[in-house]
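Me: Please take a close look at a single part of this structure. Tell me how it sits in its surroundings, then work outward to the other contacts worth checking.

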Amino acid sequence: MKRITTALLAALDALIVVAIGIGIALVPLTVLWATQFGLDVNWLVFWRAAVDVWLVGNGVDLIVQLDPTLVAALNLPGSDAPFPITIALLGFALMSVLFGLRTGHRAAETPHRWIGVTGATVSYALLTALLVLSAGTDAVRPVAAQGLLLPPLIFAAGVLIGAGQGQLGRLLGRIPGLSGRLPGKNSTSTSTDSTAAALLPIAVRPAVSAAVRSGTAAAAGILCVAGIAVFVLILTHYATIIGLYETVQAGVLGGIALTLLQLALIPNLVIWAASWFVGPGIAVGVGTSVSPVGTSLGTVPGLPILGVLPQGSLAYGFVGLLVPLLVGFLVTVVLRQRAAADVPPPSITERLLTGLGTGVVAGVLLGLLAWWSGGAVGPGRLVQVGPNPLLVGALAAALVGFAACLGLLTPAPPVRANGSGRTGAPSATPSATTRTTPSRTTGTTPGAVSRAVRSGANGAGRLLGRLRDLLPRR
């Protein structure tokens, strides 16, 4: 495949990704324009609304100035002044990353990997710039700097990961400790040429690199449990959600648009559930709280999916705090089992450093996700929706770090026997114990016993042969 062909195909991939992202919001809005408004309203209004939704989904802030007539109808405090919408509909960002992974993987299959990566990223950035230029109005204005920067960065992250999966694995393999084993005294003898590891002192490289892997696994485990919890809550509160749909009375097309908006919020809800398990919970407006201790809500945004929020005090809500503890403990126990064959074994200090580092990494990741998942959704008290990222990061680091230290300080599990009946990994050279250990009952070595058994069997065979020769033949 030629270079120009690779670049053009990568640009086409970027165009398709942008078209899908815009089309998710534009198609129902266009149908609404044709059926409900009878084509009387300028279609560009709906185009700009779709672009605004896509930009918000990629983390771009919007500045909203409501019409005075609408302000009087809403009667919301603070709605007469311009207010920001900073909450990100993370479903769009997740979709961009996943499509970016596909684009990067396809570029990696060609002889011109980085031409494909560059072509896709540059094309995506140019398309994003055109969308930002077409989106601004007096009522809703995206922050231009964020619009030009954030969507291309999100897509480029997926493309780079997809294009460099094999090279990334080789690079991480050069960093000591990223093999899933605990740091030992002999684990710093290799990988000294790694640029990332060379930035750290030799004494802490294995602990840091092992903490990065286990901390990332712990954060992912908490998010998995949170995703399962959100799924169960949607199933168990299905009747409440349907009742809220009926209360909104959005019609068929409005219900479809509302459903798509809520699907884009599912990643946010998963992160909020993880924040609930960690302890701080979330706020759905200034002065509100949804945490394991209890729920205190006022007026909330009119989204039916918010019907899954728990109500009142929870008698056993504190049980949710066991999730980060159990996840942190299990992750490090698995790491401990993989490191059972390390010779020499890691010291207590190295284990504690790895455990504390695991908590720090998990806290940083969950704190960043909490920061990205929340923001302002309206004027007045709606300027604060979502978790407190500092509290989420700090408590996650404390809980996961404590559990990780306990998991790493547990006694090493017994090494299972292999097929030959011996414990541990098979060795090419027989051990000294096998060669020279005497039998405690006979004073002979196992080799001498086996030779005696063989000689006795041979003698018995010769004796039977002679007796057969003495017998008369027929």
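Reply: A residue is called buried here when its relative accessible area is under 20%, exposed when that area is over 50%, and partly exposed in between. Keep in mind that this is a predicted model.

Start with helix α12. This helix covers residues 266-278, 13 residues in total. From first C-alpha to last, α12 reaches 19 Å, close to the 18 Å expected at 1.5 Å a residue.

Now apply the cut-off. Which residues of α12 are buried? They begin with Pro267, Asn268, Leu269, Val270, Ile271 and Trp272. The list goes on with Ala273, Ala274, Ser275, Trp276, Phe277 and Val278. That makes twelve of the 13 residues, so α12 is largely enclosed by the rest of the structure. After α12 comes Gly279, with a positive phi near 140°.

Two of those buried residues deserve a second look. Trp276 and Phe277 form an aromatic pair. Their ring centres are 5.5 Å apart. An angle of over 60 degrees between the planes counts as edge-to-face; this pair has 80°, and edge-to-face is what it is called. Trp276 has a relative accessible area of 17%, so it falls under the 20% cut-off and is buried. Phe277 is buried too, at 11%.

How many aromatic pairs are there by this rule? The count is four. Another of them is Trp43 with Trp47: the ring centres are 6.0 Å apart and the planes meet at 35°, so the pair is tilted. Both residues belong to helix α2, residues 43-57. Trp43 and Trp47 are four residues apart there, about one helical turn. An α-helix has 3.6 residues a turn, so residues three or four places apart point the same way. Accessibility sets this pair apart from the buried rings of α12: Trp43 is partly exposed at 28%, and Trp47 is partly exposed at 22%.

More aromatic rings come together elsewhere. Trp54, Tyr124 and Phe155 form one aromatic cluster. Trp114 has a charged partner: the charged end of Arg113 sits over its ring, 6.0 Å from the ring centre.

Next, turn to the surface. A nonpolar patch there covers about 810 Å². Its members from the earlier part of the chain are Leu9, Leu12, Leu15, Ile16, Ile20 and Ile24. Val252, Ile256, Leu260 and Leu263 complete it. Helices α1 (3-35) and α11 (251-264) each supply at least two of these residues. The largest share, six residues, comes from α1. Take Leu12 as an example. It sits in α1, and it is partly exposed, with a relative accessible area of 42%.

The same helix, α1, takes part in a salt bridge. The structure holds one such bridge. Asp13 pairs with Arg106, and their closest N and O atoms are 3.4 Å apart. Asp13 lies in α1 and Arg106 in α4, so the bridge ties together parts that are 93 residues apart in sequence. The two ends sit in unlike surroundings. Asp13 counts as buried, at 7% relative accessibility. Arg106 is partly exposed, at 37%.

That brings in helix α4, residues 90-108. It has 19 residues and reaches 27 Å from first C-alpha to last, close to the 27 Å expected at 1.5 Å a residue. Its buried residues are Leu90, Phe92, Ala93, Met95, Ser96, Gly100, Thr103, Gly104 and Ala107.

Two long-range pairs finish the tour. Thr358 lies in helix α14, residues 348-373. It is buried, with a relative accessible area of 1%. Its C-alpha is 7.9 Å from that of Ala218, although 140 residues separate the two along the chain. Leu149 lies in helix α6, residues 144-163. Unlike Thr358, which is buried, Leu149 is partly exposed, at 47%. The C-alpha atoms of Leu149 and Val60 are separated by 9.0 Å, with their positions 89 residues apart along the chain.

Key. Residues numbered from 1 in each chain as written. Predicted model: local features only at pLDDT ≥ 70, side-chain atom pairs only at ≥ 80, totals over all residues. Heavy atoms only, no water. Phe/Tyr/Trp six-rings, centres within 6.5 Å; stacked < 30°, edge-to-face > 60°. Helix = DSSP H or I, 4+ residues; strand = E, 2+ residues; numbered from the N terminus. Buried < 20%, exposed > 50% of the residue type's maximum accessible area, 1.4 Å probe, protein only. Lys NZ or Arg CZ within 6 Å of the ring centre and 35° of its normal. Patch = residues over 30% accessible without salt bridge, like charges linked within 9 Å, V, L, I, M, F, W, Y side chains within 5 Å. Areas by Shrake-Rupley, 256 points an atom, 1.4 Å probe, with all protein chains shown as cover. Salt bridge = Lys/Arg side-chain N within 4 Å of Asp/Glu carboxyl O. Expected span 1.5 Å × (residues − 1).
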